[in-house]
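Student: I'm new to this structure and would love a close look at one part of it. Could you walk me through it once it is on screen?

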Amino acid sequence: MSVELGLPKIRPQAPQISPRRKSRQIMVGSVPVGGDAPVSVQSMTTTLTSDVNSTLQQIAELTASGCQIVRVACPSQDDADALPLIAKKSPIPVIADIHFQPKYVFAAIDAGCAAVRVNPGNIKKFDDKVGEIAKAASAAGVPIRIGVNAGSLDKRLLEKYGKATPEALVESALWECSLFEEHGFQDIKISVKHNDPVIMIEAYRQLAARCDYPLHLGVTEAGPAFQGTIKSAVAFGALLSQGIGDTIRVSLSAPPVEEIKVGNQILESLGLRERGLEIVSCPACGRAQVDVYSLADRVTAALEGFPMPLRVAVMGCVVNGPGEAREADLGVASGNGKGQIFVKGEVIKTVPEDQIVETLVEEAMRIAEEAGIDVDLDDDSGPGVSVTTKA
């Protein structure tokens, strides 16, 4: 005997992360931060700021990778002297990073930097200069980022708490904010960074509950690429999923372009930024009859720079392949020396294993063409040389 349940059809809804925390909005150059503005990704140059050409070249590379705000170090007078030209020529807003000498804060404001980051814990007699800084920044319309770091916490707070606890980081940040507020200045962004993601997460949670300033997220000294990526993804994912965070910087012991790649991927994974190329590939198992690792790498390389959102499933067998392909724009289920090619969940052809990558690229190009986007191939290196949108 069969029983029909007669359940009503339910239209699935995309799951949502928590709504963004309500914060005031500031402008870092042309980039809105806080409020209802999208979360921005930023990085920091590794060049000597005084080397203007090298610094601008690195900023150009970061911009091409999706960086929206860039920070440059200013530890010397030569660096300060270079700021006006860098701020003028940079395609994205420049934040001057100031430590130790408060005079460079004023130099950065005069240079036309989009914002200034100060670390109160290691700037000489910083509290005594807040009034002057607030006046100069207000007149120029330049926001200030109060950046508290576990490694350079004010000695008074270290004595009070014994170490850089979440409470110590938050108290330091809010104390400095209060000094600026006394002078009517509230064009502020805050960061409270720590190398331990657990402490960092708790610090930002406490800070978010106690103020409405926009927050810049960072796990400071996160480590080499692999470790730093994991620590940053864990910390940012926890906070952003709760609506906390307005700008992010992934701090890696790696070229800064890698920081941007990781930062953008974190935002895409959380649905906070439109996904670009997404490869869904299996981890391989005893069922696999193809080298999934190599195949996924080759597909990724061939489609690098694809100019529209595209989810590609690269599967090593037919167990999960069809199911994943249904959710993907394009995909392959491989085995027995061949691959079934899926487009929008439908099998369109079966090709020999050595033609899988070539076929996936061809079908990706077809998808782009149907969307009104022309993509020219550069020999075997994949799309991206010339992209034009059809009228």
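Student: Why does C113 form no bond with the closest cysteine sulfur, and how is the open sheet of 5 strands arranged?

Tutor: Happy to help, and please keep in mind that this is a predicted model. Let's take the cysteine first. The closest cysteine sulfur to that of C113 belongs to C74, and the two are 7.7 Å apart, which is too far for a bond. A disulfide needs the sulfur atoms within 2.5 Å, and by this rule the count is 0 disulfides. C113 is also buried, because its relative accessibility is 3%. Another cysteine, C282, counts as buried too, at 18% relative accessibility.

Now to the sheet. Its 5 strands follow the order 11-12-13-14-15, the sheet is open, and the pairing is mixed. Strand 11 (277-281) and strand 15 (346-352) stand at the edges; each has a single partner strand, so one side of each has no neighbour in the sheet. On average, neighbouring strands here are turned by 20° against each other, direction ignored.

Look next at the strand 15 edge. Strand 14 (residues 338-343) runs antiparallel to strand 15, and 6 bridges join them. V343, for instance, has E346 in strand 15 as its bridge partner.

Finally, add the helices. Helix 12 (residues 356-370) packs on the sheet and touches strand 12, strand 13, strand 14 and strand 15. The direction of helix 12 makes about 165° with that of strand 13. Helix 10 (residues 292-302) lies across strand 11, strand 12 (310-315) and strand 13 (330-335), and runs at about 160° to strand 12.

Conventions
Residues numbered from 1 in each chain as written. Predicted model: local features only at pLDDT ≥ 70, side-chain atom pairs only at ≥ 80, totals over all residues. Heavy atoms only, no water. Buried < 20%, exposed > 50% of the residue type's maximum accessible area, 1.4 Å probe, protein only. Pairing = 2+ DSSP bridges. Helix = DSSP H or I, 4+ residues; strand = E, 2+ residues; numbered from the N terminus. Axes fitted to C-alpha atoms, helices over the stretch in contact; angles between N-to-C directions. Contact = heavy atoms within 4.5 Å.
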